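Q: Please take a close look at the barrel in this protein and describe how its strands are arranged, what surrounds them and how the ligand is held in relation to them.

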Amino acid sequence: MKRIKMGCTTLSIPAMALGIMRMNQKSVPEAQVAIQAAYDAGINFIDSADIYDGGKSEEIFGQAFSQMQIKREEMFIQSKTGIVPGKRYDFSKEHILHSVDEILERMQLDYLDSLVLHRPDALMDPEEVAEAFDQLQAAGKVRFFGVSNFDTAQFKLLQSCLSQRLMFNQLQFSLKHTGMIDFGMHMNMVDKPSVDRDSQFLDYARLHKVTVQAWSPFQYGMFEGTFIDNDGFPKLNQELQKLADKYEVGKNAIAAAWILRHPANIQMLVGSMNPQHIRDSAKGAKIRLTRQEWYDLYLAAGNYLP
Ligand SMILES: NC(=O)c1ccc[n+]([C@@H]2O[C@H](COP(=O)([O-])OP(=O)(O)OC[C@H]3O[C@@H](n4cnc5c(N)ncnc54)[C@H](OP(=O)(O)O)[C@@H]3O)[C@@H](O)[C@H]2O)c1
């Protein structure tokens with residue numbers, strides 16, 4: 001598995017993580033198969049969130065992982081907090097601290113390697129978040145911190161109050177969700193793709209050494225379904241198949257290689273619970289697409305160049 005530097009540190013992490021948002025749909029033995037498939041492919045990084053099916057995904061992970069042979073320190077385990085579903089976003093110190101205790105209990109862990117704030121809270125008080133982070137770190141409950149779906153100004157504002165460097169920003173990015181890069185190629189134009197909805201975060205991340213974690217790498221829409229083998233995307237699937245044949249892998253590997261080909265050293269969050277799809281995705285980390293192949297996929301996904 002390709003390894004990348006985590007944020008501004010010299011620590012290495014795999015270029016893919018296993019996201020467990022969908023682990024709630026699996027039995028404990030099935031979850032073990034998925035975790036083992038990921039681990040054996042070099043994916044020793046887990047991404048979770050407190051809200052995944054009200055904590056069920058984390059409970060299943062906890063039951064599964066605690067019975068496996070993989071040592072705790074060999075797996076980087078991250079979760080997210082800050083959303084109270086349907087009610088509010090909540091970055092209060094009280095909520096963050098309470099949420100971490102519940103995550104640790106559900107996942108049967110003593111500490112999290114990373115805690116990520118899930119989606120910006122309009123009422124965020126960065127100093128209050130800083131207190132929560134300091135307390136969690138001092139108590140040995142969380143090692144590193146990050147955010148998710150933050151724009152550049154929100155990221156800078158929070159960072160300005162923290163004693164720790166933020167390592168991650170989780171953003172949606174896939175062949176069917178390319179806003180993060182479209183506007184750069186449509187610079188100074190007035191067409192739809194020229195609109196920057198991502199506040200140039202990818203460039204900011206490269207300049208300031210923040211790891212961007214790409215969520216829903218095989219989905220279209222807001223995780224409406226996979227575009228892989230989906231009749232709604234014939235051109236894209238034709239191009240994926242062509243390259244899958246060339247590199248002797250499956251389509252997941254090509255869609256993954258497309259994300260990892262970007263020089264920002266993005267970490268991709270694989271959400272599959274199917275060991276074959278996990279193994280195939282991991283093969284994508286070994287493929288370096290040519291520039292033309294990368295652009296051919298981008299265009300086959302329905303994008304255009306000015
Ligand atoms: N920060 C955020 O706001 C945010 C939002 C969403 C997700 N996330 C994170 O990102 C992770 C990944 O998200 P995701 O699960 O939406 O990502 P994904 O990996 O793009 O999608 C996984 C889904 O696609 C299916 N799939 C993948 N390859 C397939 C294939 N070849 N044929 C048929 N089905 C296929 C999987 O089914 P199988 O299991 O059968 O393979 C699974 O249902 C989550 O687990 C979570 O950790 C973060």
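A: **The barrel and its surroundings**

Strand 4 (residues 45-47) and strand 5 run parallel and are joined by three bridges, where strands are DSSP runs (E, at least two residues) and helices are likewise DSSP runs (H or I, at least four), both numbered from the N terminus. The model is a predicted one, in which local features need pLDDT of at least 70 and side-chain atom pairs count only at pLDDT 80 or more, while totals for chains, interfaces and linings use all residues. Residues are numbered from 1 along each chain as its sequence is written, and side-chain values use heavy atoms, with hydrogens and water left out.

Within the pairing of strands 4 and 5, Asp 47 stands opposite Gln 78 of strand 5. Strand 5 (residues 76-81) is mostly covered, six of its six residues being buried, a term that stands for under 20% relative accessible area, with exposed meaning over 50% and partly exposed in between (1.4 Å probe, protein chains only). From this strand Phe 76, Gln 78 and Lys 80 point one way, and Ile 77, Ser 79 and Thr 81 point the other way, yet all of them are buried.

These two strands belong to a barrel into which eight strands close in the order 3-4-5-8-9-10-11-14, with parallel pairing; two strands count as paired if DSSP finds at least two bridges between them. Neighbouring strands of this sheet are turned by 30° against each other on average, direction ignored. Further along the order, strand 9 (residues 142-148) and strand 10 (residues 166-172) run parallel and are joined by four bridges. Phe 145 has Leu 166 of strand 10 as its bridge partner, and Ser 148 stands opposite Gln 170 in that strand. Helix 9 packs on the sheet and touches strand 3, strand 11 (211-215) and strand 14 (267-270), its direction making about 150° with that of strand 14; contact here means heavy atoms within 4.5 Å, and the angle, on a scale from 0 to 180 degrees, is taken between N-to-C directions of lines fitted to C-alpha atoms, for helices over the stretch in contact. Strand 10 is also mostly covered, with seven of its seven residues buried.

The facing residues Ser 148 and Gln 170 lead on to the ligand. A polar side-chain atom of Ser 148 lies 2.8 Å from a nitrogen atom of the ligand, and for Gln 170 the distance from a polar side-chain atom to a ligand nitrogen atom is 2.7 Å. An oxygen atom of the ligand is 2.5 Å from an N or O atom in the side chain of Ser 272. Of the 27 residues around the ligand, Arg 22, Asp 47, Phe 218, Ser 272 and His 277 come nearest, a residue being counted if one of its heavy atoms lies within 4 Å.

Turning to the nonpolar packing, the largest nonpolar core has 100 residues, of which Ile 35, Leu 115 and Trp 258 touch the most other members; such a core is a set of buried Ala, Val, Leu, Ile, Met, Phe, Trp, Tyr and Cys residues joined through side-chain atoms within 4.5 Å. Helix 9 (residues 251-260) supplies the largest share of this core, eight residues. Not counting residues up to four places away in sequence, Trp 258 touches Phe 173, Ser 174, Leu 175, Thr 178, Ile 181, Leu 289, Trp 294, Leu 297 and Tyr 298.

Definitions and conventions: A polar contact is a pair of N or O atoms within 3.5 Å; within protein, one must be able to donate a hydrogen and the other to accept it, and residues adjacent in sequence count only if both atoms are side-chain atoms.
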